[in-house]
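User: I should like to go through the reasoning behind several structural assignments. Please set each value against its criterion.

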Amino acid sequence: MSAVIPDRAALRATLSVDVSPELLELALTHRSYSYEHGNIPNNERLEFLGDSILGQAVTVMLYRDFPTLDEGELAKRRASLVSSVALAEVAKSIDVGPHLLLGRGEELTGGREKSSILADTVEALIGAVYLDAGGDAATDLVLRLISPLLADPARFGAAMDPKTSLQEVAARAGVAAPEYAVTDTGPDHRKRFHAVVTVPGLVTAEGDGTSKKQAEMAAALEAWTLLQADSQRA
C-alpha cells in the first residue's frame, strides 16, 4: 500500500518559488511510478535540465566567494556540492521524501530514503523552477539549498569525502576500519548500486547510487551522521 502523499503546500513554502502544480507533480514523479501508470511522463528530463543549472550556479558561486582557491580545489568542492550524497542531504533537509510518487517496488524497498532518488528529485525540482520562474529564481534556489552545507564545516568536510571521514572516526574510536558490501541491480546501461557499511562495534548504515563509489559514499555519510548524532547525545 502506498504512503499517503502530504499536502504540497508545505513543499511549496519550503521552495519559496511559485511553480505550477503540473510541473511540481512532474518533478516528483519517479520512473517507477510512471511505468506502473501507463508510462506517463516522469522527472528524468527535468533532472537533466536541473543538473546543468545546479552545476553552473555552484561553479559561479565558488569562483566568486573563494577567490584564493586554485582550480583543483574549486573543482573538488564543486564535485562535492553537486554529488548525489550532498543532494540527498538537501532533499532530506527540505523533506522531499514524503512527496515522491513511487512505484510499488520502490515503495516497498525504501525508495523515499534512497540517496539516488532523492538527489535526482532535487535536480528535477531545480529544473521545474527554471522553466516556471526563470534562471535567476533557479539559481537563487540552488544557493539556498546548498548554503547549509557550506555553513557547517564539519558536515561539508564529511560530504566532500565521507569514506575518509568515517575511517577517521573509526580510528579515533580504536576499532577496525569500515567494511563495505555492494550489490547492484538493473541492466548494464542503468545500474543502481546499494552499499552497506559496517564499522565493527559502532554502526551499520546503507546508501544508494548510480555507481559503486556513489553508493559507498552515501552509506559512509549516513554512518558518519548516525555516529555524530550518538556523540551529541552522549
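User: What makes strand 2 and strand 3 a pair?

Analyst: In this predicted model, 7 bridges join strand 2 to strand 3, and the two run antiparallel. Two strands pair if there are at least two bridges between them, so the criterion is met. One of the bridge partners is T204 in strand 3, which is matched with T198. The hairpin of these strands has 3 residues between them, and G201 there takes a positive phi near 85°.

User: How do you know that strand 1 is paired with strand 2?

Analyst: The same cut-off of at least two bridges applies. Strand 1 is joined to strand 2 (residues 192-199) by 7 bridges, in antiparallel fashion, so these strands count as a pair. F193 in strand 2 is the bridge partner of D184. In this hairpin 6 residues lie between the strands, and G186 has a positive phi near 95°.

User: Why are strand 1 and strand 3 called edge strands?

Analyst: The open sheet has 3 strands in the order 1-2-3 with antiparallel pairing. Strand 1 (179-185) and strand 3 (203-209) each pair on one side only. On average, neighbouring strands of the sheet are turned by 15° against each other, direction ignored.

User: What makes helix 8 roughly antiparallel to helix 9?

Analyst: The axes of helix 8 (residues 115-133) and helix 9 (residues 135-151) cross at roughly 150° and come within 7 Å. Angles over 145 degrees count as roughly antiparallel, and therefore helix 8 is described in that way relative to helix 9. Residues making the contact include V122, L125 and I126 of helix 8, and A138, L141 and L145 of helix 9.

User: How do you know that the buried residues of helix 5 line one face?

Analyst: L74, R77, S80 and L81 are buried in helix 5 (residues 71-81). Seen down the helix axis, these buried residues fall within an arc of 125°, so they line one face of the helix. At the start of helix 5, a side-chain oxygen of D70 reaches to within 3.2 Å of the backbone nitrogen of G72.

User: Why is S165 called buried?

Analyst: Its relative accessible area is 13%. Buried means under 20%, so S165 qualifies. S165 lies in helix 11 (residues 162-173). Leaving aside neighbours within four places in sequence, S165 is in contact with G157, A158 and W224. S165 and L221 are 56 residues apart in sequence, yet 8.3 Å apart in space, C-alpha to C-alpha.

Note on methods:
Residues numbered from 1 in each chain as written. Predicted model: local features only at pLDDT ≥ 70, side-chain atom pairs only at ≥ 80, totals over all residues. Heavy atoms only, no water. Helix = DSSP H or I, 4+ residues; strand = E, 2+ residues; numbered from the N terminus. Axes fitted to C-alpha atoms, helices over the stretch in contact; angles between N-to-C directions. Buried < 20%, exposed > 50% of the residue type's maximum accessible area, 1.4 Å probe, protein only. Arc of directions from axis to C-beta. Polar contact = N/O pair within 3.5 Å; in protein donor to acceptor, adjacent residues only side chain to side chain. Parallel < 35°, antiparallel > 145°, perpendicular 65-115°, else oblique. Contact = heavy atoms within 4.5 Å.
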